[in-house]
Amino acid sequence: MFDNLASRLQEVFAGLSSKGRLSEEDVDGALRQIRLALLEADVNYQVAKDFIAQLRERAIGADVLSSLTPGQMVIKLVLDQLTELLGGKATRLVLSNRMPNIIMLVGLQGSGKTTAAAKLALHLRKKGKKPLLVAADVYRPAAIDQLQTLGRELSIPVFVGEGGIASDPVAIAQAGVRRAVDEMRDLVIIDTAGRLQIDEAMMAEAEAIKKATRPDQIIMVLDAMTGQEAVNVAKAFSERLDFDGVLLSKLDGDARGGAALSIRTVAGKPILFASTGEKPSALEEFHPDRMAKRILGMGDMVTLIEQAQEAALEEEISDEDTERLAAGRFTFDDFLTSIKQMRKLGGLGAIAKMLPKEALGGAALDESKLDDGMVNRSEAIIFSMTAAERANPKLLNGSRRARIAAGCGMTVMDVNRLVKQFEEAQKAMKQYMPKLGAKKKRPKKKNKKKKR
């Protein structure tokens with residue numbers, strides 16, 4: 001995401017950082033390049049113009065020209081300005097004490113509403129909610145089937161209209177809310193119908209569902225890849241429905257980023273969530289400051305750590321395992337677990353994009369060098385080991401390594417490379433785990449004595 005803009009801005013900063021002092025002409029030249037980069041990223045023209053005007057005012061007023069590190073000062077100003085452009089502080093989805101809370105999703109056909117409904121339901125279930133999905137899109141072929149399939153995959157119930165209300169979206173939405181009350185579910189997510197373009201029938205139906213269900217939140221799902229068209233659509237929906245926030249879908253496929261950078265200013269609505277992949281778990285709460293840092297190549301370690309913690313929580317780790325790792329006893333089975341967690345985080349490419357460019361040697365990210373197949377090969381080598389070898393890597397002498405290589409169709413050199421990587425990970429674990437401290441032990445269940 002934002003790849004083109006990120007690379008252009010980083011080129012500008014590299015040019016500034018190479019100079020000891022900046023003249024006013026240097027600053028104006030850099031601002032022209034930044035303005036061009038924004039326009040190429042499909043940012044709204046007026047938004048880009050105002051951005052540069054405000055940035056120039058701040059740059060001149062911040063004594064950039066007399067600063068000992070003017071390049072860094074400019075980067076800081078651009079970071080602050082970008083964060084403001086993306087919305088400033090993160091806007092969270094606010095749910096009331098009402099039972100159930102109702103979220104209504106709106107948007108054009110093809111924006112990814114149905115998939116977004118399932119992702120949002122999964123995201124909120126992780127926060128303790130009991131969601132019910134309501135299939136109120138009765139027009140798009142297979143829309144109901146798609147939602148039911150996603151619901152089955154995630155073990156989230158889906159309400160579908162039947163009989164006399166099967167073709168009435170308003171009645172389906174109302175019946176879905178009643179079903180949630182009957183089943184004591186505290187969250188309803190209504191997937192409404194869209195059209196290929198804005199029309200009166202779609203707007204009138206959305207208004208009718210809003211009036212009938214009185215949703216706590218209306219979220220507009222926008223396809224980030226449509227750029228400025230997404231912003232225009234949001235503006236039109238805002239005038240009729242006054243929705244609460246935006247869920248940007250397909251943000252991972254948007255190399256430009258114009259929609260994300262323009263929407264707050266043009267439509268006046270905050271971005272609540274960003275969908276960054278095809279997996280149901282690929283939904284992030286949108287943080288303007290974190291996204292701005294990603295664009296400027298500063299990485300997003302906070303989000304990476306949060307995702308890693310979430311992936312770790314899904315693994316069953318006993319107190320004994322925690323104590324063993326804290327003592328530095330790291331095995332190939334633990335290494336295998338880390339590979340599984342890496343996959344949950346999206347693979348090497350997704351992780352590298354969240355790392356500061358300094359962590360990648362200061363160079364721009366070359367995804368062609370990030371081979372997720374290497375991870376698969378590592379896994380194959382470990383599976384070719386015996387249980388004893390995985391538990392005690394010291395057993396891996398020359399003959400055993402040759403047998404493992406033959407067993408997985410690779411070379412001894414491949415096995416040696418993996419063993420070296422494992423030893424480095426083992427050293428890191430010995431340093432890291434004691435500092436982290438052993439995880440708080442869960443209270444042991446007391447065995448109650450049976451009454452005789």
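**Burial, pairing and packing terms in a predicted model**

Student: Why is Glu-162 called exposed?

Tutor: The structure is a predicted model, so the answer rests on computed values. Glu-162 has a relative accessible area of 64%. Exposed means over 50%, so Glu-162 counts as exposed.

Student: Where is Glu-162 found?

Tutor: Glu-162 sits in the loop between β3 (158-160) and α7 (169-182). Its C-alpha is 8.4 Å from that of Ile-172, a residue 10 positions away in sequence.

Student: Why does Ile-75 count as buried?

Tutor: The relative accessibility of Ile-75 is 18%. The cut-off for buried is under 20%, so Ile-75 falls on the buried side. Ile-75 belongs to helix α4 (residues 70-85). Leu-16 is 59 residues away from Ile-75 along the chain, and their C-alpha atoms are 9.4 Å apart.

Student: How much of the protein chain counts as buried?

Tutor: The share is 46% of the 452 residues.

Student: What makes strand β7 largely enclosed by the rest of the structure?

Tutor: β7 covers residues 271-275, and 5 of its 5 residues are buried, so the strand is largely enclosed. β7 pairs with strand β6 (residues 245-249) in the parallel sense and with strand β8 (residues 283-285) in the antiparallel sense.

Student: How do you know that β7 pairs with β6 and with β8?

Tutor: Pairing needs at least two bridges between two strands. β6 and β7 have 3 bridges, and β7 and β8 also have 3 bridges, so both pairs meet the cut-off. On the β6 side, Val-246 stands opposite Ile-271. On the β8 side, Ser-275 has Leu-283 as its bridge partner.

Student: What makes β3 and β8 edge strands?

Tutor: The sheet is open, has 8 strands with mixed pairing, and runs in the order β3-β2-β4-β1-β5-β6-β7-β8. β3 and β8 each have a single partner strand, so each has one side without a neighbour in the sheet. On average, neighbouring strands here are turned by 25° against each other, direction ignored.

Student: How do you know that β1 and β5 pair?

Tutor: Strand β1 (residues 101-106) and strand β5 (residues 217-223) have 4 bridges in the parallel sense. At least two are needed, so β1 and β5 count as paired. Leu-105 is opposite Ile-219 in β5.

Student: Why are helices α8 and α9 called oblique to each other?

Tutor: Helix α8 (residues 200-213) and helix α9 (residues 228-241) pack at an angle of about 45°, with axes 10 Å apart. Roughly parallel requires under 35 degrees, and roughly perpendicular runs from 65 to 115. An angle of about 45° fits neither range, so the pair is oblique. The crossing of α8 past α9 is right-handed. Among the residues making the contact are Met-202, Met-203 and Lys-210 of α8, and Phe-237 and Arg-240 of α9.

Student: Which strands do α8 and α9 lie across?

Tutor: α8 lies across β1, β4 (187-191) and β5, at about 180° to β1. α9 lies across β1 and β5, at about 160° to β5. Angles over 145 degrees count as roughly antiparallel, so this term applies to α8 against β1 and to α9 against β5.

Student: How do you know that the span of helix α2 is close to the expected one?

Tutor: Helix α2 (residues 24-40) has 17 residues and reaches 24 Å from its first C-alpha to its last, set against 24 Å expected at 1.5 Å a residue. Its buried residues include Val-27, Leu-31 and Ile-34. Asp-42, which follows α2, has a positive phi near 70°.

Notes. Residues numbered from 1 in each chain as written. Predicted model: local features only at pLDDT ≥ 70, side-chain atom pairs only at ≥ 80, totals over all residues. Heavy atoms only, no water. Buried < 20%, exposed > 50% of the residue type's maximum accessible area, 1.4 Å probe, protein only. Helix = DSSP H or I, 4+ residues; strand = E, 2+ residues; numbered from the N terminus. Expected span 1.5 Å × (residues − 1). Axes fitted to C-alpha atoms, helices over the stretch in contact; angles between N-to-C directions. Left-handed = near helix turned anticlockwise from the far one by under 90°. Contact = heavy atoms within 4.5 Å.
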